[in-house]
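Biologist: Before we use any labels for this model, I would like to go through them one at a time and hear the reasoning behind each.

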Amino acid sequence: KKGSGVNMQQINDFFSNISAIKFADVVFAICIIVLFKLLSGSISYGIIKLLKMKVKKGREIKESAFYYPLKVFISILGFYIAIYFLKTPLNLSAKVMGIVNKAFSIISIIIFARGLAKSFVPGSALVYKMIKATEKEEVDTSFNFFLKIIRFVIYVIAVFLIITELGINLNGLIAGFGITGLIVTLAAQDTAKNL
């Protein structure tokens, strides 16, 4: 009975420490997350429509390379704002908030790098405009290779940004990439000549 009494007292103390204000803050934070999730599609749709004044069809907007990445970003932004809102009520430490900030930055870089890379795939609106500008009828081998290089560069930049965000020194890595790039260039000379 004595052991049981101690356990009950601990449970009572735990619940007494959770104030009504903190509970209300948690509920409000959950509402922020749900609201951003529900509105993510509409906000993404509105942003793309605003940036592409000439695009009127809803299908074209939803097929845009940035529609899905924007939708995901807005949903994650809801989580980020909710955590920031709970910073004071839950007494979250500076270390925890630092991890949250880094995680949000890294996820944002990945999302937008993916969206940007998706803009340079055959069949995308941007590639269609590029083909039209170069007066080509379709994506040929050389042009497809050029698109792959652009996508590769986008992802490499994204990786460098993530590494910088993690606080890792890039000097040695850049030197390594320089040597690797030289080896790849020498190895790909024949392929480049054929193209």
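The conversation below takes up the terms used for this predicted model and sets values against their definitions.

Biologist: Which elements does the chain contain, and in what order do they run from the N terminus on?

Modeller: The chain has nine helices and zero strands, and the order from the N terminus on is therefore written α-α-α-α-α-α-α-α-α, each element being a DSSP run of H or I with at least four residues.

Biologist: How many residues are in the chain, and what share of them is buried?

Modeller: The chain has 195 residues, of which buried residues make up 24%. Its accessible surface comes to about 14,000 Å², and 69% of that belongs to carbon and sulfur atoms.

Biologist: Why is Ser75 called buried?

Modeller: Ser75 has 10% relative accessibility, and the label buried applies under 20%, so Ser75 counts as buried. Ser75 lies in helix 4, which covers residues 67-85, and, leaving aside neighbours within four places in sequence, Ser75 is in contact with Lys37 and Ser40.

Biologist: Which other residues of helix 4 carry the label buried?

Modeller: Besides Ser75, the buried residues of helix 4 are Tyr67, Pro69, Leu70, Phe73, Ile74, Gly78, Tyr80 and Ala82.

Biologist: What makes Thr88 exposed rather than buried?

Modeller: The relative accessible area of Thr88 is 62%, and exposed means over 50%, so Thr88 is exposed. Thr88 is found in the loop between helix 4 and helix 5, and its C-alpha atom is separated by 9.8 Å from that of Asp25, although the two residues are 63 residues apart along the chain.

Biologist: Why are Ile110 and Leu116 placed in neither of those two classes, but called partly exposed?

Modeller: The partly exposed class lies between under 20% and over 50%; Ile110 stands at 45% and Leu116 at 37%, so each counts as partly exposed. Ile110 is found in helix 5, as is Leu116.

Biologist: What do Ile110 and Leu116 have within reach of their C-alpha atoms from farther along the chain?

Modeller: For Ile110 it is Val159, 49 residues apart along the chain, with the C-alpha atoms separated by 8.5 Å. For Leu116 it is Ile154, 38 residues apart in sequence and 7.5 Å apart in space, C-alpha to C-alpha; leaving aside neighbours within four places in sequence, Leu116 is in contact with Phe66 and Ile154.

Biologist: How do you know that the end-to-end distance of helix 5 agrees with its number of residues?

Modeller: Helix 5 has 25 residues, which at 1.5 Å a residue should span 36 Å, and its end C-alpha atoms are 36 Å apart, so the two values agree. Helix 7, also with 25 residues, reaches 36 Å from its first C-alpha to its last, close to the 36 Å expected, while helix 4, with 19 residues, reaches 27 Å, close to the 27 Å expected.

Biologist: What makes a set of residues a nonpolar core here, and which residues make up the largest one?

Modeller: The set must consist of buried residues of the nonpolar kinds, joined through side-chain atoms within 4.5 Å. The largest such core has 12 residues in all: Ile106, Ile109, Ala113, Ala117, Phe120, Val127, Phe143, Leu147, Ile150, Ile154, Ala158 and Ile162. Helix 5 (94-118) and helix 7 (141-165) are the elements that give two or more residues to this core, and the largest share, six residues, comes from helix 7. Apart from this core lies another, of six residues, among them Phe73, Ile74, Val100 and Phe104.

Biologist: Which elements do the buried residues of helix 5 pack against?

Modeller: They pack against helix 4 and helix 7. Ile109, for one, touches Ala158, Leu161 and Ile162, not counting residues up to four places away in sequence.

Biologist: Why is Ile43 called partly exposed, and to which surface patch does Ile43 belong?

Modeller: Ile43 is at 34% relative accessibility, so Ile43 counts as partly exposed; its place is in helix 2, residues 20-51. Ile43 belongs to a nonpolar patch on the surface, with Val26, Ile30, Val34, Leu35, Leu38, Leu39, Ile47, Leu51 and Leu90, and together these residues have about 860 Å² of accessible area.

Notes: Residues are numbered from 1 along each chain as its sequence is written. This is a predicted model: local features need pLDDT of at least 70, side-chain atom pairs count only at pLDDT 80 or more; totals for chains, interfaces and linings use all residues. Side-chain values use heavy atoms; hydrogens and water are left out. Buried means under 20% relative accessible area, exposed over 50%, partly exposed in between (1.4 Å probe, protein chains only). Contact means heavy atoms within 4.5 Å. The expected span of a helix is 1.5 Å times one less than its number of residues. Patches are made of residues with over 30% relative accessible area and no salt bridge: like charges are joined within 9 Å, nonpolar side chains (Val, Leu, Ile, Met, Phe, Trp, Tyr) within 5 Å. Accessible areas come from the Shrake-Rupley method with a 1.4 Å probe; for residues, only the protein chains shown count as cover. A salt bridge is a side-chain nitrogen of Lys or Arg within 4 Å of a carboxyl oxygen of Asp or Glu.
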